[in-house]
Amino acid sequence: MKLAASFATLVALVPFAAAQSPVWGQCGGIGWTGPTTCAAGSTCTVSNPYYSQCLPGSSAPPPPSSSPSSPTSSSPGSSPTGPATKLNAAAVAAGKKYFGSATDNNELSDTAYVNILKDGQQFGQITPANSMKWDATEPNRGQFTFTGGDQIANFAKANGQLLRGHNCVWYNQLPGWVTNSGFNSSTLSSVVSTHCGTVVGHYKGQAYAWDVINEAFNDDGTWRSDVFYNTLGQAFVPTAFQAARAADPDAKLYINDYNIEGPGAKANAVSNLVSTLKAQGVPIDGIGVQAHLIVGQLPNLAQQLASFGSLGVEVAITELDIRTTLPASSATLQQQQRDYQTVIAACKGVAGCVGVTVWDYTDKYSWVPNTFSGQGAACPWDQNLQPKPAVQGILNGWA
Ligand SMILES: *[C@@H]1O[C@H](CO)[C@@H](O)[C@H](O)[C@H]1NC(C)=O
């Protein structure tokens, strides 16, 4: 609430035109009919086609790293640019394949942001946050567009970074034609197979892994009610995996979900499905644990990652961030450092865990404030692209 009050004060002090969105407010996106200009001191920034947000700061690049960082933005003894050892190098030294980050197309025009992201010693792997999803790649049946996805795949390739494709089948960011056409089971099965086969096939040889199935379960472990399950039952799962395998035999094929970071009904549902699929010979190689976590409230990742690994599949932490109520205090950032360390150490300790991806490396482009009102500060780098104590926590976890 302190943050909101301070912004309210700021807004009150500057000339204020009607029909402006406040800092952190929405300022655009498909279907948005509200203001498209931002309060002074903030800039309307595209998060995805459905959401633009007023973020603090001008559209100019953030200050160079030689400017003073805020007192809470770096741990004692670390330089403003962060520890000398870099995160992917530390992961590789720990025997893992990568430490990586999600990114999105609009962010790639931010030079200061890109200068950190493109460093393969820091980030050895890239995930497109939005531009390989169904709405982006097949907005109309049979009409595929790969412009956005290609930009990110090419970025990863140019910088020697692994690519995780994300994703084939998900109930969200799904174009209306999939949901609303009343497809019968044979048609929808063909639609799924064509979509996964075409998208995965387009990136054949470029993707280390693909999230083939995303968020198929409810938190109580029952199947999510969506057009796929409601029309096809569980059969959409093997259909998607088989199409993906046929399209790119070398990509590791994953099922990915959230709230499976610790033991529970949902983690059990994923385990049971993976066991069944393997017994049936369905090509599945990995379990993606999203890990959208909360400071001070970590589940038992070490136990659950080991349990998933015992199924004979790879495990990856695919979307890590650790959010808190804003504004984050120094004590909170210290707890966040310990939490990042705990998560990384859990991956390090499980042989089957191949790597960790953060769901963007900086609070500047985090999805969290858009989705969880009043929360944020979830990423290892702050809004100004300065490393937080969490960066040291990640290094400690790999050490
Ligand atoms: C499913 O729908 C397609 C397209 O409308 C149709 O050709 C096919 O006969 C239907 N199949 C069944 C089993 O109803």
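## The annotated residue E319

In this predicted model, a polar contact of 3.0 Å joins the side chain of E319 to the side chain of N256. E319 is the residue covered by the annotation "active site" in the UniProt record, which is an unreviewed entry, and such annotations may be inferred rather than shown by experiment. Along the chain, E319 belongs to strand β13, which runs over residues 314-325.

How accessible is E319, buried or exposed? Its relative accessibility is 5%, and E319 therefore counts as buried, since the word is used for residues under 20% relative accessible area. When neighbours within four places in sequence are left aside, the residues in contact with E319 are H166, N214, N256, V289, Q290, A291, H292, T357 and W359; N256, the partner in the polar contact described above, is thus one of the residues in this list.

## T324, also in strand β13

Strand β13 also holds T324, and this residue, with a relative accessibility of 11%, counts as buried. With neighbours within four places in sequence again set aside, T324 is in contact with V295, T332, G374, Q375, G376 and A377.

## Helix α14 and its surroundings

Helix α14 covers residues 389-398, and because eight of its ten residues are buried, the helix is largely enclosed by the rest of the structure. The buried residues of α14 are P389, A390, V391, G393, I394, L395, G397 and W398. Which elements do the buried residues of α14 pack against? They pack against helix α2, strand β6 (98-103), helix α12 (330-348) and strand β14 (353-358).

Helix α2, one of these packing partners, spans residues 87-93 and contains A89. A89 has a relative accessible area of 27% and is therefore partly exposed, a value that lies between the limits of 20% for buried and 50% for exposed. The C-alpha atom of A89 is separated by 8.3 Å from that of G120, although the two residues are 31 residues apart along the chain.

## Cysteines

How many disulfides does the model contain? The count comes to one, and this disulfide joins C347 to C353, with a distance of 2.1 Å from sulfur to sulfur. The angle about the S-S bond is -100 degrees, and the link between C347 and C353 is left-handed. Both ends of the link are buried, C347 having a relative accessibility of 0% and C353 a relative accessible area of 1%.

C168, by contrast, is in no disulfide, and the nearest cysteine sulfur, which belongs to C196, is 3.2 Å away. Because a disulfide requires two cysteine sulfur atoms within 2.5 Å, the distance of 3.2 Å between the sulfur atoms of C168 and C196 does not meet that rule. C168 has a relative accessibility of 1% and so counts as buried, and C379 is buried as well, with a relative accessible area of 0%.

## The ligand

Which residues are around the ligand? They are N184, S186 and T187. A polar side-chain atom of N184 lies 2.3 Å from an oxygen atom of the ligand, and a polar side-chain atom of T187 lies 3.3 Å from an oxygen atom of the ligand. Taken alone, the ligand exposes 360 Å², and 22% of that area is buried by the protein.

Definitions and conventions: Residues are numbered from 1 along each chain as its sequence is written. This is a predicted model: local features need pLDDT of at least 70, side-chain atom pairs count only at pLDDT 80 or more; totals for chains, interfaces and linings use all residues. Side-chain values use heavy atoms; hydrogens and water are left out. A residue is near a molecule or strand if one of its heavy atoms lies within 4 Å of it. A polar contact is a pair of N or O atoms within 3.5 Å; within protein, one must be able to donate a hydrogen and the other to accept it, and residues adjacent in sequence count only if both atoms are side-chain atoms. Accessible areas come from the Shrake-Rupley method with a 1.4 Å probe; for residues, only the protein chains shown count as cover. Buried means under 20% relative accessible area, exposed over 50%, partly exposed in between (1.4 Å probe, protein chains only). Helices (H or I, at least four residues) and strands (E, at least two) are DSSP runs, numbered from the N terminus. Contact means heavy atoms within 4.5 Å.
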